[in-house]
Amino acid sequence: MKYTTERNNWYLSKFAAFERSLNGESNSPVHALRRDAIQRFDKLGFPTNRHEEWRFTNIQPILKADLKPVLHPHPATVARSVVERLSFGTRYRLVFINGYYAENLSSVEGLPKGVRCGSLAETQNQNHDAIRDHLARYARYDDSTFTALNTAFLRDGAFIYVPDNTLLEEPIHLLFLTADADHSLISPRNLVVIGANSQVSIVESYESLTDRPYLTNIVTEIVLGEGSILEHDKLQDEGLQAFHVSSTHVYQKGKTSFTSNSIALGGSIARSNVNAVLDGTGCECTLNGLSLSSGTQLIDNHTSIDHAQPNCQSHELYKAILEGKSRGVFNGKIFVRQDAQKTDAKQTNKTLLLSDEAVIDTKPQLEIFADDVKCTHGATVGQLEPEQVFYLRTRGIDETAARDILTFAFASDVVRRVHVEPLRNQLESLIHDRLDAGRKLPQQD
Amino acid sequence: MLEIKNLHAGITGNEILKGISLKVSAGEVHAIMGPNGSGKSTLAQVLAGRDTYEVTQGEVLYQGKNFLEMDPEERAREGFFLAFQYPVEIPGVSNTYFLKAALNAVRKHRGLEELDAVEFLQLVKQRMKLVEMDESFLNRPVNEGFSGGEKKRNEIFQMAVLEPKLAVLDETDSGLDIDALRIVADGVNKLRRKDNAIIVVTHYQRLLNYIVPDFVHVLVDGRIAKSGGKELALELEEKGYDWVKDEADRTVVPA
């Protein structure tokens with residue numbers, strides 16, 4: 001594996017400045033973690049296309065951007081009306097600006113007893129057990145440059161702790177806003193710990209209030225206690241100059257049910273990793289994804305499902321709609337360990353190419369070490385069916401509307417799997433708008 | 001209403017329709033019969049505006065307008081309807097959503113107000129009864145997982161909702177058992193009016209026992225070889241198509 005080290009010194013010097021800005025924290029366990037991570041980062045360097053995990057995604061534009069880590073909470077205020085516009089009317093909402101918790105814009109009143117929901121930085125200062133037990137346990141950085149970089153600059157993000165036997169009827173919305181950022185490195189770090197037999201829905205959304213370039217480099221760790229249920233929805237709607245690299249690491253204990261719905265609309269280069277480890281029997285893991293790209297966007301989805309124990313099921317459906325000269329990548333790994341007998345894993349990847357110049361690279365990767373398992377995968381890449389377009393037109397629907405109806409139907413197959421209703425409605429209108437906007441763009445010949 | 005004059009059409013140099021002329025007036029039902037490969041379905045598709053077929057000669061006038069210049073959706077809005085031989089499945093689009101989009105596009109073109117959800121549902125439920133279709137079909141994706149008979153019924157149901165002036169039924173009888181055939185034919189008959197016309201394209205005479213035509217045309221090798229009244233269909237049923245072919249061959253003037 002070859003890495004490039006050209007930008008290392010830049011980030012090493014930024015780390016030195018970061019360390020100086022931390023008062024009295026240099027002996028804390030979290031800081032030891034940061035130091036270890038920056039050293040690891042220095043050894044790894046940034047991946048190039050020769051690295052298997054980054055074969056189809058060239059990150060040179062990210063490296064060339066000379067990103068400056070955001071070391072302090074954002075001083076400027078973001079209008080409440082802006083936050084409301086980007087919210088879904090949920091009762092519990094944590095707002096982060098450039099990666100830092102904005103308490104004045106957040107609302108966590110009325111949470112059930114024992115539930116913690118707030119700033120990771122604050123919780124860290126209070127030495128919460130969950131941080132000691134779980135932080136950086138699942139998101140390993142020994143082979144991931146971006147995770148190492150996130151860990152090195154780890155400061156704030158969401159901390160959610162739900163005790164055993166707790167039902168949260170309303171979802172928790174984590175809204176990550178980028179404002180007044182220019183060539184910034186934003187490194188939110190989230191930790192979600194769900195107790196045994198509890199049930200929660202969490203929505204993460206990423207929105208830009210700037211059209212300048214920046215990188216959101218986010219790491220989310222999720223631990224599901226025995227018998228718990230979590231729906232984790234993520235909406236990535238960053239600006240078209242923005243870069244987005246996200247790693248979600250899920251650790252499932254026995255009899256848990258985890259669903260991830262990952263919707264990617266924004267970003268110039270957007271990479272999402274969702275990694276789930278099924279480390280108990282009787283687990284269910286569902287990973288759904290939808291990406292819409294146009295212009296010169298690149299949206300890259302990597303997933304990994306690790307069946308470590310027997311009698312677990314995983315279902316995966318990732319869909320992509322590509323317009324213009326945009327590019328897409330899908331890589332879906334499924335590991336079935338030797339002990340994981342009676343595994344039932346199904347992976348589906350479907351891509352709709354709406355232009356001749358759009359390109360998708362899709363790669364299923366199944367590694368099976370058990371013998372009594374059911375694993376299937378399938379990938380299709382195609383255009384809208386001319387027969388379907390014609391059929392709609394013969395009923396009086398014009399060609400553009402016919403194409404929109406069919407494209408929307410392709411997308412809604414994923415959107416309808418989102419159980420958080422206000423988010424689902426929001427997604428439907430966002431996708432409608434996006435299809436409209438795509439149509440208004442001049443045709444490129 | 002419709003006048004086809006010396007229509008030639010085919011796919012990439014392969015001529016399928018070799019000079020069809022046909023006149024259809026309001027209030028009439030025409031049957032187009034013919035053996036497999038005679039061009040029946042090609043004619044239906046060309047009339048609907050399928051762009052895989054190229055029209056090389058001739059013209060089609062619909063209510064005095066140049067029909068071939070219109071896009072498929074424009075033809076539909078002007079009152080043309082094709083009941084497909086093989087209706088397409090459209091996963092992810094519910095029958096209701098699809099029909100509402102279609103009906104409102106047609107209504108808008110005709111200067112009528114778009115129907116709201118309640119009015120639309122009332123209309124649709126009423127029209128479903130014409131083809132004895134269950135309301136559960138409304139929320140199902142268009143034709144997805146429908147049996148052959150259900151698809152054909154769905155076509156006639158769409159016809160009942162869109163109320164075309166000229167409908168072409170392309171082999172609507174194929175794949176229907178006798179009960180379904182009767183239901184579909186009854187539905188079509190209820191839609192017959194003085195101001196609309198229907199062209200029934202079929203291989204067999206069976207359907208014409210239920211939808212009784214005013215005229216029967218026999219298509220052989222891309223041409224109308226013979227025209228007559230409804231008794232011609234019975235004659236074809238009895239004698240097959242060969243005698244018409246032979247007759248047509250004899251009448252072709254050698255070059």
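Let's start in chain B of this predicted model, where helix 1, residues 40–48, lies across strand 1, strand 2 and strand 4. Against strand 2 of chain B, this helix runs at about 70°.

What do those strands belong to? Strands 2, 1, 4 and 5 of chain B, in that order, form an open sheet of 4 strands, and the pairing is antiparallel. At the edges sit strand 2 (14–24) and strand 5 of chain B, each of which pairs on one side only. In general, the strands of a sheet are joined through backbone hydrogen bonds, and they can run parallel or antiparallel. For a closer look, take strand 1 of chain B, residues 2–11: its antiparallel pairing with strand 2 of chain B extends over 8 bridges. You can find one partnership for yourself by locating B:Leu2, whose bridge partner in strand 2 of chain B is B:Val24.

Stay with the sheet a moment and look at the loop between strand 4 (54–62) and strand 5 (65–66) of chain B, which is where B:Gln63 is placed. B:Gln63 is not a glycine, yet its phi is positive, about 50°. Is B:Gln63 buried, exposed or partly exposed? A residue needs 20 or more such neighbours to be buried and 12 or fewer to be exposed, so B:Gln63, with 14 C-beta neighbours inside 10 Å, counts as partly exposed.

Chain A offers a similar stop on the tour. A:Lys342 lies in the loop between strand 20 (327–336) and strand 21 (344–353) of chain A. Its phi, near 60°, is positive too, and A:Lys342 is a residue other than glycine. Because A:Lys342 has 15 C-beta neighbours inside 10 Å, it counts as partly exposed.

Now back to chain B for helix 5, residues 148–162. From first C-alpha to last, the 15 residues of this helix reach 22 Å, close to the 21 Å expected at 1.5 Å a residue. Why is helix 5 of chain B described as largely enclosed by the rest of the structure? The reason is that 13 of its 15 residues are buried. Just after helix 5 of chain B comes B:Glu163, with a positive phi near 45°.

Finally, see where the two chains meet. The contact takes 17 residues from chain A and 18 residues from chain B. On the side of chain A that touches chain B, helix 8 (386–393) and helix 9 (399–415) of chain A each supply at least two residues. The largest share, 7 residues, comes from helix 9 of chain A. By type, the residues on this side of chain A divide into 7 nonpolar, 4 polar and 6 charged.

Key:
Residues are numbered from 1 along each chain as its sequence is written. Chains are lettered from A and ligands numbered from 1 in the order in which they are written. This is a predicted model: local features need pLDDT of at least 70, side-chain atom pairs count only at pLDDT 80 or more; totals for chains, interfaces and linings use all residues. The expected span of a helix is 1.5 Å times one less than its number of residues. Two residues are in contact if their C-beta atoms, placed from the backbone, lie within 7 Å. Ala, Val, Leu, Ile, Met, Phe, Trp, Tyr, Cys and Pro count as nonpolar, Asp, Glu, Lys and Arg as charged, and the others, Gly among them, as polar. Two strands pair if DSSP finds at least two bridges between them. Axes are lines fitted to C-alpha atoms, for helices over the stretch in contact, and angles run from 0 to 180 degrees between N-to-C directions.
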